[in-house]
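Please look at the sequence and the structure below, and keep both in view while reading. The report then follows a few strands and helices and ends with some unusual backbone spots.

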Amino acid sequence: MEVFGLNFSPLSIEEITDKLAHDKESITLFTANLDHIVKMRKNSMFRSAYRNANIVTADGFPVFFYVSLRGISLPGRVTGADLFSAVLLRLLPEKHKPFFVVSDNETATRLECALVERGFANNMTMVPPFGFERDVQFSSDLARKIKERETTHLFFCVGAPKSEIWLDQYRQLIGPCHALAFGMGANFFAGT
């Protein structure tokens, strides 16, 4: 049964994290909060991106509460910030190649330092310029870079609806990887 035109995932944070750490099949994951639901009413590209996602979680409490009232059993809220940390901590340097598109240089620096300490390669973060989502050449180059790096997990953390729409538009160009829109998840993780 759909709520807000979306099929919400019944998976817990642990089940989602397991899937993202072990599944070979590419997954696109978005975390819906009330702001997203409101924006989807007026933005057809945002709405379409959400409908194309493999996993949609109830991030905000009002969304979780309303979905539950509609009779859909969910294990609880599954937020982008919680998922960001949980997935990141399950990735292994010898097995996974994460790449991060984040909103600011301080977050990128802190995130990269934390990951290099865990044994990951450096140069795995990107801070795109303002308006990048409207720049076809930049976006195509970014998608090519993501694919050439053989990225396994793409963490897109530049806010909604930019992250979700970009991932939906460039999904075929980025190659077979998990595409994850986590809003401010990187900022929470980095403490910025």
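Strands E5 (153-157) and E6 (178-181) run parallel and are joined by 4 bridges, where two strands are said to pair if DSSP finds at least two bridges between them. Helices (H or I, at least four residues) and strands (E, at least two) are DSSP runs, numbered from the N terminus. This is a predicted model, in which local features need pLDDT of at least 70 and side-chain atom pairs count only at pLDDT 80 or more, while totals for chains, interfaces and linings use all residues. Residues are numbered from 1 along each chain as its sequence is written, and side-chain values use heavy atoms, with hydrogens and water left out.

Within the pairing of E5 and E6, Leu 154 stands opposite Ala 179 of E6. The chain crosses from E5 through H8 to E6 in a right-handed β-α-β crossover, a term used if, with the strands pointing away from the viewer, the path from the first strand over the helix to the second runs clockwise. E6 also pairs with E1 in the parallel sense, over 3 bridges, and there Leu 29 has Leu 180 as its bridge partner.

Which way do the residues of E6 point? His 178 and Leu 180 point one way, Ala 179 and Ala 181 the other way, and all are buried, where buried means under 20% relative accessible area, exposed over 50% and partly exposed in between (1.4 Å probe, protein chains only). In helix H8 (residues 162-170), the residues Ser 163, Glu 164, Ile 165, Trp 166, Leu 167 and Tyr 170 are buried. Their cover includes E1, H2, H3, H7, E5 and E6, with contact meaning heavy atoms within 4.5 Å.

Just as the fold has its pairings, the backbone has its exceptions. Most residues other than glycine have a negative phi, and most peptide bonds are trans. The table lists two residues with a positive phi, neither of them a glycine.

| Residue | Phi | Place | Relative accessible area |
|---|---|---|---|
| Phe 4 | about 60° | segment before helix H1 (13-22) | 35%, partly exposed |
| Asn 123 | about 60° | loop between helix H6 (105-117) and strand E4 (125-126) | 52%, exposed |

A further exception is the peptide bond from Ala 160 to Pro 161, which is cis, with omega near 5°; Pro 161 is found in the loop between E5 and H8.
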